[in-house]
Amino acid sequence: MSSSALSSSASVSLPLSQRLLLAVGSCLLGAALIFVAGFSHLEVVHNAAHDTRHSAAFPCH
Amino acid sequence: MIKRIAQTAGFAGLLAAIVLTLLQSLWVTPLILQAETYENAAPAAEAAGHEHAAAVHDHAAHDHSHAASHDHGAAWAPEDGWQRLLSTGLSNLVVAVGFALMLAGLFTLRAPGRTWQGLLWGLGGFATFSLAPSAGLPPELPGTEAADLLLRQYWWLGTAAATAAGLGLLAFGRHQALRIGGVLLLALPHLIGAPQPEVHASLAPAALAQEFVLASLLTNALFWSALGLAAAWFFGRARSA
């Protein structure tokens with residue numbers, strides 16, 4: 001990864017290791033949300049999110 | 001920075017979920033409801049289909065419980081109407097915030113310099129989570145025969161992960177070898193192939209199934225465009241604030 005001097009973002013103020021940690025943490029948390037709504041085998045969750053799953057083309061049924 | 005990620009994910013997710021719910025209500029959900037009329041009209045055929053799947057995959061218990069859920073008899077299911085709309089809308093929100101969290105997290109590594117660059121991120125998300133998985137497992141209407149659920153979920157997740165990594169290497173790889181690796185990663189899941197049912201069968205007519213594929217892909221493309229643009233805008237705004 002480059003901490004290129006082009007980036008004017010405030011994110012450069014944080015060291016790369018911390019930004020990596022934030023990125024991985026956010027991705028994991030996001031994946032957990034998607035897993036619950038889109039992939040959980042719990043009947044109630046499946047029924048509630050049924051149309052979302054079909055629409056998003058998540059494997060369903 | 002955590003606040004910036006949370007704000008971006010919350011606002012962009014909410015906005016994109018509203019867009020998604022509106023588009024679904026207009027085009028996608030009517031198709032699902034139409035397919036369910038075929039499903040409800042043919043409970044015998046459905047049961048036969050599930051027995052067949054059970055025999056093929058030797059997952060009798062699983063498929064049995066599943067057939068029960070499909071009739072919405074075993075566990076709570078939203079009533080058609082506002083309950084169903086509300087629970088779909090909330091599910092959309094959870095999924096949208098999840099995707100937005102991923103985008104915002106990646107933005108801490110590569111902040112989009114301009115809002116329009118969010119559109120590229122959004123299209124990347126569409127390719128990763130919609131287009132590539134749909135190439136092997138097309139969006140399905142209720143009442144379509146499919147391979148074992150768990151196998152399809154594994155393939156779906158593997159495809160999304162490989163596509164994300166492949167696109168990342170293509171976009172940000174500095175060396176030719178990395179880009180070639182990216183192309184290989186994009187192709188790999190499709191060379192392996194998605195799990196397919198023994199028999200392709202659907203209760204709904206083929207024309208309806210085809211329209212659903214189109215509706216799902218277009219809806220997801222618009223959802224991802226909105227999500228990418230909104231995430232880039234909110235992320236940039238949180239910086240200047």
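These legends go with four close-up views of a predicted two-chain model. Residues are numbered from 1 along each chain as its sequence is written, and chains are lettered from A in the order in which they are written. In this predicted model, local features need pLDDT of at least 70 and side-chain atom pairs count only at pLDDT 80 or more, while totals for chains, interfaces and linings use all residues.

**View 1. The largest nonpolar core.** Here are 51 residues, buried (20 or more other C-beta atoms within 10 Å of their own) and joined through C-beta atoms within 7 Å. Helix 1 (16-38) of chain A is one of the helices that each supply at least two residues. Helix 4 of chain B, a DSSP run (H or I, at least four residues), gives the most, with 13 residues.

**View 2. Around B:Leu227.** B:Leu227 is among the core members that touch the most others. Leaving aside residues up to four places away in sequence, its contacts include B:Ala16, B:Phe99 and B:Gly125, with C-beta atoms within 7 Å.

**View 3. Helix 1 against helix 4 in chain B.** These two helices pack at about 140 degrees with axes 7 Å apart, and are therefore oblique to each other (neither under 35, nor over 145, nor 65 to 115 degrees). By class, their contact has 14 nonpolar, ten polar and no charged residues.

**View 4. Where the chains meet.** Chain B brings 50 residues to the contact and chain A brings 36 residues. On the side of chain B, helix 4 has the largest share, 15 residues. That side divides into 27 nonpolar, 19 polar and four charged residues.

Key
Buried ≥ 20, exposed ≤ 12 C-beta atoms within 10 Å, placed from the backbone. Axes fitted to C-alpha atoms, helices over the stretch in contact; angles between N-to-C directions. Nonpolar A, V, L, I, M, F, W, Y, C, P; charged D, E, K, R; others polar.
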